[in-house]
Amino acid sequence: MVSYVLDLQENHLLRNVKRVADMEAAGSVIIDVKKGRMRIRMKVALALCVVVLCIGIGVGVMHFVEKLGWLDSFYLSVMSVTNVGYGDRAFRSLTGRIFASIWLLVSTLAVARTFLYLAEARVDKRHRRMAKWVLGQNMTVSEFLAADIDQNGFVSKSEYVIYKLKEMGKVSEKDILQICLKFDKLDTGNCGKITLADLMQSHHQVRFNKFLMVLLECKK
Ligand SMILES: [Ca+2]
């Protein structure tokens with residue numbers, strides 16, 4: 001009976017979470033995913049544009065200030081921006097060297113950022129593919145047994161959500177353990193749920209501890 005009531009509460013909560021999410025997104029869940037993808041692509045494109053701009057500026061300065069040919073300018077610019085730097089060519093004029101000290105700093109940061117965004121895009125793509133694969137899988141008996149965390153013979157909606165999140169690699173066993181420990185701390189009545197009374201009690205306890213610490217410091 002108790003577990004039936006708890007399940008009813010759980011379903012009600014999950015329905016509410018879904019309804020709030022629906023209301024907030026107003027049916028834009030898919031658009032949000034697309035937006036996320038667009039944002040990462042846009043970041044990569046912008047970072048690449050900055051790198052190309054850095055190479056372009058370098059080519060211009062080397063050609064007009066250092067009096068190098070277009071091909072040599074491009075070669076030295078790419079070598080410098082990509083931090084390869086064979087050292088077979090260098091800036092000779094004072095203006096060129098002053099420019100290089102700032103330009104190399106900016107372009108190195110731009111290249112580093114581009115690599116960072118490229119890695120981020122790759123990880124994001126892998127996560128999306130993983131999520132799609134996990135959601136497309138049907139549940140086997142062994143998976144059912146693994147998903148039934150409290151081993152009461154059935155998989156509740158929250159157990160299923162946790163299991164799928166774990167499979168997607170979005171949450172680890174360690175994270176779940178830490179959350180469980182935090183829950184147990186908040187659940188002062190040890191009844192398997194956090195009540196308003198538990199919350200008030202823990203707030204009072206924190207305030208009381210702070211008060212004690214202030215008192216002790218005053219005495220010192
Ligand atoms: Ca269960």
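Start with the two spans that UniProt, in an unreviewed entry, lists as "transmembrane region": residues 44-65 and residues 98-119. Keep in mind while selecting them that this is a predicted model. In residues 44-65 the end C-alpha atoms lie 31 Å apart, and the span is 95% helix and 0% strand. Selecting residues 98-119 next shows a span that is 100% helix and 0% strand, with end C-alpha atoms 32 Å apart.

Now show the whole chain as a cartoon. The chain has 8 helices and 0 strands, so that, read along the sequence, the pattern is α-α-α-α-α-α-α-α under the run criterion for helices. Of its 220 residues, 7% count as buried, while residues 24 or more positions apart account for 53% of the contacts in the chain with a separation of 6 or more.

Colour the chain by pLDDT before going further. The average over the chain is 82, and 82% of the residues score at least 70. Over residues 27-31, however, the pLDDT is below 50, and beyond near neighbours in sequence this stretch has 0 contacts in the model.

Next, select Val-59, Val-61, Met-62, Leu-68 and Leu-76, which together form the largest nonpolar core, a set of 5 residues. Helix α2 (residues 29-64) supplies the largest share of this core, namely 3 residues. Centre the view on Leu-68, one of the core residues: leaving aside its neighbours within four places in sequence, Leu-68 is in contact with Met-62, His-63, Ser-73 and Leu-76. Two of these partners, Met-62 and Leu-76, are also listed in the core.

From there, move to Lys-67, which sits in the loop between α2 and α3 (70-81). Its backbone deserves a look, since the phi of Lys-67 is near 55 degrees, a positive value in a residue other than glycine. Is Lys-67 buried or exposed? Lys-67 is exposed, because 12 other C-beta atoms lie within 10 Å and the limit for that class is 12 or fewer.

A second loop residue can be inspected in the same manner: select Gln-151, found in the loop between α5 (141-147) and α6 (157-167). Gln-151 has a positive phi of about 50 degrees although it is not a glycine. With 7 C-beta neighbours inside 10 Å, Gln-151 counts as exposed.

Continue to helix α7, residues 173-186, and place a distance between its end C-alpha atoms. The 14 residues of α7 should span 20 Å at 1.5 Å a residue, and the end C-alpha atoms are 20 Å apart, which agrees. Because the number of buried residues among those 14 is 0, α7 lies largely in the open.

Finish with helix α8, residues 196-219. This helix has 24 residues and reaches 35 Å from its first C-alpha to its last, close to the 34 Å expected at 1.5 Å a residue. Like the preceding stop, α8 can be viewed for its surroundings: the helix is hardly covered, with a count of 0 buried residues among its 24. Within α8, select Ala-197, which counts as exposed because it has 10 C-beta neighbours inside 10 Å. A last distance to draw runs from Ala-197 to Asp-187, two residues that are 10 residues apart in sequence and 9.6 Å apart in space, C-alpha to C-alpha.

Terms used
Residues are numbered from 1 along each chain as its sequence is written. This is a predicted model: local features need pLDDT of at least 70, side-chain atom pairs count only at pLDDT 80 or more; totals for chains, interfaces and linings use all residues. Helices (H or I, at least four residues) and strands (E, at least two) are DSSP runs, numbered from the N terminus. A residue is buried if 20 or more other C-beta atoms lie within 10 Å of its own, exposed if 12 or fewer, and partly exposed in between; C-beta atoms are placed from the backbone. Two residues are in contact if their C-beta atoms, placed from the backbone, lie within 7 Å. UniProt positions are given in the numbering used here, feature names are shortened, and annotations may be inferred rather than shown by experiment. The expected span of a helix is 1.5 Å times one less than its number of residues. pLDDT is the predictor's confidence in each residue, from 0 to 100. A nonpolar core is a set of buried Ala, Val, Leu, Ile, Met, Phe, Trp, Tyr and Cys residues joined through C-beta atoms within 7 Å.
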